[in-house]
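User: Can you walk me through this model? I'd like to go over the contacts.

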2 protein chains.
Amino acid sequence: MQLTAIDRTLSAVAHPVRRRIVEQLARRERSVSELVELFDISQPAITKHLNQLEDAGVVERRAVGRQRLCRIRPQSLRETAEWLNRVERMWGDRLDALTELLTRDSPDARQR
Amino acid sequence: MQLTAIDRTLSAVAHPVRRRIVEQLARRERSVSELVELFDISQPAITKHLNQLEDAGVVERRAVGRQRLCRIRPQSLRETAEWLNRVERMWGDRLDALTELLTRDSPDARQR
C-alpha cells in the first residue's frame, strides 16, 4: 500500500513529543537549542524528531548565522485536517440520512 | 509524557491500512468479514487493526446476530481535526501579524 502525504503527516505527528514540538513551532519559529531546553530532551533526540517531521514535510529548517531555525509548514497539516474533517462529516451525513429515513417511515411520521 | 485522546487517535490512524479502514467505515457500518474481503488482509490482521482503532476510541463494534459490525466514532476524529486546524491557524495568524508589521515599518508604507 503506497504511502500518501497524509499518511506521512499522521505518522510524523503521532508521537507525543513531535506533536508538542509542532504546537511550539505553531506559536513561533524556534532554534534547535531552544527546543532542547523546552523539552528537556537531548539534542540528538530532538534532532531525530525534527528529521522525521522534516521528512514528512511538516517542519522546515533554515540556517541563520550559526543557528538552525525550525518552523512548521502549515499546508501539510491543512491537508490532513481536511481529511479528518471529511471523514467525520461523511459519517455525520450518513447518520442524518438514516434518521430522516427512519422518521419518514415510522407510524408517527405517517400520521402527521 | 502523558498520552492524550488526540495522541491516541493520531497513533491509531497513522497507519495506511487503519486510515483506509476509517475511510470505509465513514461511508457505512461494515462487518469484520466485509473488511477482510475489501482489504484482502487476513482476519487476524484486520482484527488487530480494529482493536487498535477501538482502543483509541476511533471505532466501535457491536454484535448483530452472528455478525460483528464496526462503525466510526466521529467525536474522536473531530477533536483531532480541531487540533490540526488550530495549529495551522496559529501559524497563519503569526504570518499575518508579521506581514502587517513588516508592511507598516517599511519605507513604502510610510510614504503612503
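What follows is a short chat about how the chains meet.

Analyst: Sure. One caution first: this is a predicted model.

User: Fine. How many residues does each chain put into the contact?

Analyst: Chain A puts in 36 residues, and chain B puts in 37 residues.

User: And how much area do chain A and chain B bury between them?

Analyst: About 3,400 Å². Carbon and sulfur atoms make up 70% of that.

User: What about charges? How many salt bridges between chain A and chain B?

Analyst: Six salt bridges link chain A and chain B. Over all chains, the structure holds 20 salt bridges.

User: Which residue of chain B does A:R19 meet in a salt bridge?

Analyst: A:R19 pairs with B:D7, at 2.5 Å from N to O. That pair crosses between chains: A:R19 is in helix α2 of chain A, and B:D7 is in helix α1 (residues 5–13) of chain B.

User: And A:D7, what does that side chain meet?

Analyst: A:D7 forms a salt bridge with B:R20, at 3.2 Å from N to O.

User: Which elements of chain A give two or more residues to the side touching chain B?

Analyst: They are α1 (5–13), α2 (16–27), β3 (67–72) and α5 (74–105) of chain A. α5(A) gives the most, with 13 residues.

User: How does that side of chain A split by class?

Analyst: It has 20 nonpolar, five polar and eleven charged residues.

User: How many residue pairs are in polar contact across the interface?

Analyst: Ten residue pairs, across the interface of chain A and chain B.

User: Switching to rings. How many aromatic pairs turn up over all chains?

Analyst: Zero, searching the whole structure.

User: Then which ring does the charged end of A:R19 sit over?

Analyst: The ring of B:W83, 4.8 Å from its centre.

User: And where does B:R19 lie?

Analyst: B:R19 lies over the face of A:W83, at 4.8 Å from the ring centre.

Conventions. Residues are numbered from 1 along each chain as its sequence is written. Chains are lettered from A and ligands numbered from 1 in the order in which they are written. This is a predicted model: local features need pLDDT of at least 70, side-chain atom pairs count only at pLDDT 80 or more; totals for chains, interfaces and linings use all residues. Side-chain values use heavy atoms; hydrogens and water are left out. Rings of Phe, Tyr and Trp (its six-membered ring) pair if their centres lie within 6.5 Å; planes under 30 degrees apart count as stacked, over 60 as edge-to-face and the rest as tilted. A charge sits over a ring if NZ of Lys or CZ of Arg is within 6 Å of the ring centre and within 35 degrees of the ring normal. Contact means heavy atoms within 4.5 Å. Buried area is the accessible area (1.4 Å probe) that two parts lose on being put together, summed over both. A salt bridge is a side-chain nitrogen of Lys or Arg within 4 Å of a carboxyl oxygen of Asp or Glu. A polar contact is a pair of N or O atoms within 3.5 Å; within protein, one must be able to donate a hydrogen and the other to accept it, and residues adjacent in sequence count only if both atoms are side-chain atoms. Helices (H or I, at least four residues) and strands (E, at least two) are DSSP runs, numbered from the N terminus. Ala, Val, Leu, Ile, Met, Phe, Trp, Tyr, Cys and Pro count as nonpolar, Asp, Glu, Lys and Arg as charged, and the others, Gly among them, as polar.
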